[in-house]
Amino acid sequence: MAAGIDDISIYIPRLYLDAADFAKARGLDPGKLERGLGIGQMAIVDTNQDPACLAANACLKVMQKNKLTPDKIGRLYVATESSFDESKAMNSYVIGMLEQVYGKDTFGHCGGIECKFACVSGSYALYDNTNWIRAGEAEDKYALVVVSDIAKYDLGSSGEVTQGAGAVAMLLNNTPRLLSFDPKVTSTSIKNEYDFYRPFGKETPIVHGQYSNLLYLIQVKNALIDYKKKVKETGLIKLKEGETILDHVDYLNMHLPYSNMGKKALAYLVRHEWRTLPRWKEIIDEVGMEEPIPKDPRGTIESVLEDADFMAKDHQFTKLFTNTEKYVELYESKLASSLIASKMIGNLYTASLYLGFRSSLEFEYQKGVDLNGKRVGFCSYGSGASAMIFSGVIQPEYAQIVKDMNLEEELGPRTKLSLDEYEELHENKRTHEENIRSANKEFVIVDVKTSNESKGERHYAFVD
Ligand code: CAA
């Protein structure tokens, strides 16, 4: 049975921090943010917003757009790494908010859990719900998977430039208008790692930045190796002599903690795929240097990062490689459109990959590309660490949905924060009532209980 994404909605908070202002305040070269990391603006939550509000707002949008009543939703899954309760799942908060609009107990029949595995959990949630549909258990109901996060790092830390916030809600069914997932090829890799984690009670993560970058690349490559095996075994793609699987994937969406991580990941995967093919000779001729090899090719991530000579040469090689004609063509046609939204919004952790997918649909459609039948590959990564690779095919009805996508309109009008306002928000110096913007047709927090018997109870309202 087919199963996939029927529609998709995003909710992005309207406060933002401008990367150039931020760079100036932190004494950084704005070029590092703009060109080095690919960051233009970072969406920031107001005092009366949390990841549950973001998720509920995205769910409401997709339900209202499709005129869906709760009886049509059989599963509501929330994937997040910004959880604020160790026990009560974020789903219950989201359902509580949605029932303020649709009526008390209207979601009573609906199942679902909160999923956690850093940024990859949304992909596991999609996969599990796709299989719920494939198993014939959906009884003509949709699964609603919402990925929602607030990416927040310590003030002054290297990760502070890679913040952002937002949610993406995806409606799944067995007659998807947007994308049907390829069966039996979803591939994963997993390893116990400490590249990025957030111990109990801590609002911001502990991060080993360069380690996390390299681990991301390795884990995604490992999942790709498994994906290739499955694709060949199932006969989904038939490779001719000298071809790679990437030749048969029209679009690639990467997990985007910052937009240039997508570029880094694409270059890494393409190098891995091309280096054994006849075309590599032509590439090396154009690059003008051999691909560098670490002193200890079987060493650890630490040993590779400490190999300064290799790191410098590899950086130089990557720069030259990404300027080759063949690579530029691949980058422009398969990845570039997916990075536009990330540059304007920043890091959405679990939602980053799906914001990239949404971005790619809108901007490829605007270019006039016929997307029908195009294969989309998803490269999902979550610290800690696990990667997942899967793919799907864009469906003939896609234009019904994509023609109305307008990121600019959905984002705006936005309010630019001063550095002082940003730092006050970051350090939680304002109460939830001291919000900067007035809410408009959205869920917000109206009360957080502090008394012993009901500590942490959150109450929300829909502001019309
Ligand atoms: N002009 C242009 N480019 C410049 C520049 C300038 N003035 N100065 C630096 N750059 C370039 C650098 O050359 C570098 O480019 P390459 O990546 O091509 O080498 C880029 O800007 C970044 O510079 P640095 O690597 O020196 O930056 P940094 O040391 O400050 O660290 C970071 C960057 C590791 C991403 C850091 O921001 C960080 O720790 N972020 C949080 C962790 C993270 O996002 N990890 C990603 C993988 S893990 C993951 O994906 C899970 C998740 O969501 C968190």
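**Ligand shell and a three-strand sheet**

Student: Which residue offers a side-chain N or O atom to a nitrogen atom of the ligand, and at what distance?
Tutor: This is a predicted model. The polar contact cut-off is 3.5 Å. In the model, a side-chain N or O atom meets that nitrogen; the residue is Ser212, at 2.8 Å.

Student: How much of the ligand's own accessible area does the protein cover?
Tutor: On its own, the ligand has 1,000 Å² of accessible area. The protein covers part of that, and the share is 78%.

Student: Which residues place an N or O atom by an oxygen atom of the ligand, at 2.7 Å and at 2.8 Å?
Tutor: Take the backbone case first. A backbone N or O atom lies 2.8 Å from a ligand oxygen, and it belongs to Ser158. At 2.7 Å, the N or O atom sits in a side chain, that of Lys32.

Student: How many residues surround the ligand, and what classes do they fall into?
Tutor: The shell holds 27 residues. Asp29, Lys32, Ser158, Lys264 and His315 are the closest. By class, the shell has ten nonpolar, twelve polar and five charged residues.

Student: Which helices each supply at least two residues of that shell?
Tutor: Look for helices with two or more shell residues. Three spans qualify: 30-37, 209-234 and 308-321. In that order, they are helix 2, helix 6 and helix 10.

Student: Now the sheet. In what order do its three strands run?
Tutor: Strand 2 pairs with strand 3 (residues 41-44) in the antiparallel sense, over four bridges. Strand 2 also pairs with strand 15 (residues 415-416), here in the parallel sense over two bridges. The open sheet is therefore mixed in pairing, and its order is 3-2-15.

Student: Why is one side of some strands left without a neighbour in the sheet, and which strands are these?
Tutor: Each of them has a single partner strand, so one side has no neighbour in the sheet. They stand at the edges: strand 3 and strand 15.

Student: What stands opposite Tyr16 in strand 15, and what is the bridge partner of Tyr16 in strand 3?
Tutor: In strand 15, Tyr16 stands opposite Lys416. Leu15 has its own bridge partner in strand 15, Thr415. In strand 3, the bridge partner of Tyr16 is Ala43.

Student: Are the residues on the two faces of strand 2 buried or exposed?
Tutor: Strand 2 spans residues 15-18. Leu15 and Leu17 lie on one side, Tyr16 and Asp18 on the other. Both faces are covered, and these four residues are all buried.

Terms used. Residues numbered from 1 in each chain as written. Predicted model: local features only at pLDDT ≥ 70, side-chain atom pairs only at ≥ 80, totals over all residues. Heavy atoms only, no water. Near = heavy atom within 4 Å. Polar contact = N/O pair within 3.5 Å; in protein donor to acceptor, adjacent residues only side chain to side chain. Areas by Shrake-Rupley, 256 points an atom, 1.4 Å probe, with all protein chains shown as cover. Nonpolar A, V, L, I, M, F, W, Y, C, P; charged D, E, K, R; others polar. Buried < 20%, exposed > 50% of the residue type's maximum accessible area, 1.4 Å probe, protein only. Pairing = 2+ DSSP bridges.
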